[in-house]
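Student: I'd like a close look at the salt bridges here. Start with one pair, then follow the helices and loops outward from there.

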Amino acid sequence: MAQALRPDLLVDDGEDGRPRWDNKFQYLLSCVGFAVGLGNIWRFPYLCQTYGGGAFLIPYLIALVFEGIPLFHIELAIGQRLRRGSIGVWTAISPYLGGVGLGCFTVSFLVSLYYNTVLVWVLWYFLNSFQQPLPWAACPPNLNRTGLVEECQGSGTVSYFWYRQTLNITADIDHSGAVQWRLLLCQAASWAVVYLCVSRGIETTGKAIYFTALFPYLVLTIFLVRGLTLPGATEGLIYLFTPNVQILLNPRVWLDAATQIFFSLSLAFGGHIAFASYNPPRNNCRRDAVIIALVNSMTSLYASITIFAIMGFKATSDHGQCLDRNILSLINEFSLPEQSISRDSYPAALLHLNATQPGRVAQLPLRACRLEDFLDQGASGPGLAFIVFTEAVLHMPGAPVWAVLFFGMLFTLGLSSMFGNMEGIITPLLDMGVLPRWVPKEVLTGLTCLVCFLSATCFTLQSGSYWLEVFDNFAASLNLVTFAFLEVVGVIYVYGMKRFCADVEWMTGQWPNIYWRMSWRAVSPLLLLGILLSYIALLVHRSPSYKAWNPQYELFPLQEEKLYPGWVQATCMLLSFLPLLWVPASALAQLLARRRQEDTQLDTGLKPQDSGGC
Amino acid sequence: MVLFLSAVSFVAGHTFVVLVDEEDRRYFKQQEIILWRKAPGKLRKQRTNFHLTSDLNPQTHSLPCDFHSERMLWLFFFLVTAVRAELCQPDAENAFKVRLSIRTALGDKAYVWDTNEEYLFRAMVAFSMRKVPNRETTEISHVLLCNVTQRVSFWFVVTDPSKNHTLPADEVQSAIRMNRNRINNVFFLNDQTLEFLKIPSTLAPPTDPSVPIWIIIFGVIFCVVIVATTLLILSGIRQRRRQNKESSEVDDAEDKLENMGTIANSIPCDSLNMKGGHVNDGFMTEDERLTPL
């Protein structure tokens, strides 16, 4: 196990052969790119909308100040100080805590697998956006061309394209189906792109990040400008940002705010530690932490303004279509001249007709069209990107351009997060020296990408989307919160608050003030403990079920709620707890090794040396 | 109002009833058409009160002179149109409803639906029927329209040459389906704006290119990535080879220096101990021999 690095043993100017960032901007961009990911686009706007619009910003900002920034500062500080990846850092802090590093490494690996699958889907949509009309604009005709495919007529064109033509999803998780060759091809391309960008570590990542981190901002701005000029955008913005302060009384809001900050900053993956380890030792990591965290939150806000503007436009457009359908029914039934009822005069006309001929009006399939109902239809996750937004894009003039821009933005956002994930895997492997020194770095990264590609083929099965949900819910959430908690406790209580503050002062030139010390000592661990306990409570309380897409379901197109079968539940448990087992396992292994070492030394009569280990 | 029966006639199974009320008004019941005229004593301008603008026999519009035989002729004409109108009714056997949405399709360039357009429609239907084997003798007059509304929607039916029966719905349906495209084009409409309510339209086959577009873009991106990766790997190999060469050169140079050190300048260098920091006498002597400038 590695020895603890004392301050006097460290070189001052980074001349220890470790790769370095070309400049500070590259490092900041890489961290921002890792933190800003798909969750900023499709999770934060949904939370804002569900939890009372502008009022959600209050718990969000509180969580940022008391949980996000302090934890982030710790990660950057220990990475920069100890100049190792996650495994090396934790063995340096205390050999008994080496398991934390291993656990972070495992979680990074699992997350890379399924995160890249989302990128595969985005790439598939991107490739299909280069045509007019877009393939999800119309239902395909059925085999004897007498009508449209039945499933598509029931569910709508966009959902059909997503569930049938992209995923070709089975009705439940038991039936795995066959590997979808289209998705497999896209996955090969996606991992090839990832390999191209991480092949030489930060040397290549640093160049790629200029594009992948800045392009999303450009596209968001374009969409914002376009979105604000669309009809209905302002209604959407007003409705969705109007604060509803009552909702703050619900504890779920605070839990979700804290969780969102935690996952949004991509803490406890080991990626930030790896990035910071390539910094010169005397770098102001405190300022970096604050800057990156604030940029991440600003990006979330900026993205939610854009998304809300476009959702407002979509809601207005859907509302107009609903009215038009009703008007057409009325006109056809009563043989009135075309365009004799406008959208504005529809309520009056309906009232008049209902008064004079209620029998005939009652037979018509008229739907109640309220704008608020359409505005309330929020979606998060892949549903927002692949169903709701693709439908909104269909209504915009010049749809293929917007679709290409949107999916290009999603791909680059996800790619920059993948860089961080891969660094969280590759840097510890390099530090541990898994392959001999003469093997070039490209081979190691190539092997890693190949292993990840082969493992992730299980997500290209027909039931892949269900498995992705399993991984998303169970592999990442519980483990990361636990590791973050152990991180804080390990650094502050095992490594020592005074020692850590001295290191920070050596690096930044300033002793951490009372805000940092309070947060590290008390507030952040308590918040994390709170999140952990609530998570466990929710997990136990809620029966593990999932929503399946079953065309034979009687309430189709609503999704059928099914329970996970036994073996899947076992897999969920395994995913949740296996990474955590590294911590006690590694501590136990270290204890046994020590005991054996002491025994052998006693046997040979040597005095037990203080090897300078932690 | 008291009505009494004035005449009942049977023509090929159809019943035609004329009712007369106490004011001597004759009522001829023909579905939607309700005509009345004063008793033959007073010759007044006929006031017709009917909804449809179908083309009744033009001769019925103008009244002949007021003769008893003329009444019979009048009756006969109404009989004929009644019979023909009987064939074309909403939900009649073998009748089809048509609905047009001209303003939706054409916007400002929408044309007004008048009797001339109806004539054109009847001509197109007759044209479609003439394409069916055994129906080549279909004339425009065999196509009847009724119930034209402001929507614009109406019912139509195709009769046989004897004008007593309507043609079976299957024949009409297949004829329309085969010529649907031409009918649409005549009116500048499409399947959604010119609807035949019981006739399903044949959907156009999906115009897929032979190679899907996504495969083309995928090929481009994949080739670019492979080429870039290969270049990167090759440049990495070259860089490493150059580094190895440089480091081996540096090693060689150091070795050479060590070897040469023993015989350089024919000065015994055993006494040389660079690390120890001893003075190099040979070097110092050289300097002293030179006169300073």
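**Salt bridges and their surroundings**

Tutor: Let's begin with Arg343(A), which has a relative accessible area of 43%, so it ends up in the partly exposed class, the band between 20% and 50%. Keep in mind that we're looking at a predicted model. The side chain of Arg343(A) meets that of Asp324(A) in a salt bridge, with 2.9 Å from N to O. The two ends come from distant parts of the chain: Arg343(A) is in the loop between α14 and α15 (346-356) of chain A, while Asp324(A) belongs to helix α14 of chain A, 19 residues apart. Asp324(A) is partly exposed too, at 34% relative accessibility.

Now for a bigger arrangement: salt bridges with shared partners join Arg200(A), Glu203(A), Glu442(A) and Arg240(B) into one network. Inside that network, the side chains of Arg200(A) and Glu203(A) meet at 2.9 Å, N to O. Their surroundings don't match, though. Arg200(A) has 10% relative accessibility and so counts as buried, whereas Glu203(A), at 39%, is partly exposed. Over all chains, the structure holds 18 salt bridges.

One more pair deserves a look: Lys562(A) and Asp172(A), whose closest N and O atoms are 3.5 Å apart. Lys562(A) lies in strand β2 (residues 560-563) of chain A and Asp172(A) in the loop between α8 (157-166) and α9 of chain A, so this bridge ties together parts 390 residues apart in sequence. Both Lys562(A) and Asp172(A) are buried.

From that loop, let's step along to helix α9 of chain A, which holds Leu185(A). Leu185(A) is partly exposed, with a relative accessible area of 30%. Leu185(A) joins Trp181(A), Val211(B), Ile215(B), Ile216(B), Val220(B) and Val224(B) in a nonpolar surface patch, and together they have about 600 Å² of accessible area. Two helices, α9 (181-198) of chain A and α6 (213-261) of chain B, each supply at least two residues of the patch. The largest share, 4 residues, comes from α6(B).

Back to α14(A), the helix of Asp324(A), but this time for the empty space. There are 8 cavities of 30 Å³ or more in the structure, and the second largest has a volume of about 140 Å³. It is lined by 18 residues, and the closest to its centre are Met311(A), Leu375(A), Gln377(A), Gly378(A) and Val388(A). Four elements of chain A give two or more residues to this lining: α3 (44-50), α14 (285-334), α17 (371-376) and α18 (382-395). With 7 residues, α14(A) gives the most to the lining of the second largest cavity. By class, that lining divides into 12 nonpolar, 4 polar and 2 charged residues.

A last stop, away from the charged pairs: Ile238(A), in helix α11 (residues 233-241) of chain A. Ile238(A) has a relative accessible area of 58%, so it counts as exposed, being over the 50% cut-off. If you'd like a sense of scale, take Ile238(A) and Thr604(A): they are 366 residues apart in sequence and 79 Å apart in space, C-alpha to C-alpha.

Methods. Residues are numbered from 1 along each chain as its sequence is written. Chains are lettered from A and ligands numbered from 1 in the order in which they are written. This is a predicted model: local features need pLDDT of at least 70, side-chain atom pairs count only at pLDDT 80 or more; totals for chains, interfaces and linings use all residues. Side-chain values use heavy atoms; hydrogens and water are left out. Patches are made of residues with over 30% relative accessible area and no salt bridge: like charges are joined within 9 Å, nonpolar side chains (Val, Leu, Ile, Met, Phe, Trp, Tyr) within 5 Å. Accessible areas come from the Shrake-Rupley method with a 1.4 Å probe; for residues, only the protein chains shown count as cover. A salt bridge is a side-chain nitrogen of Lys or Arg within 4 Å of a carboxyl oxygen of Asp or Glu. Buried means under 20% relative accessible area, exposed over 50%, partly exposed in between (1.4 Å probe, protein chains only). On a 1 Å grid over the protein atoms alone, a cavity is a set of points where a 1.4 Å probe fits but cannot get out, and a pocket is an open set with protein on both sides within 12 Å along at least five of seven lines; lining residues have an atom within 4 Å of a point. Grid points are joined across faces, edges and corners, and a volume is the space filled by probe spheres set on the points. Ala, Val, Leu, Ile, Met, Phe, Trp, Tyr, Cys and Pro count as nonpolar, Asp, Glu, Lys and Arg as charged, and the others, Gly among them, as polar.
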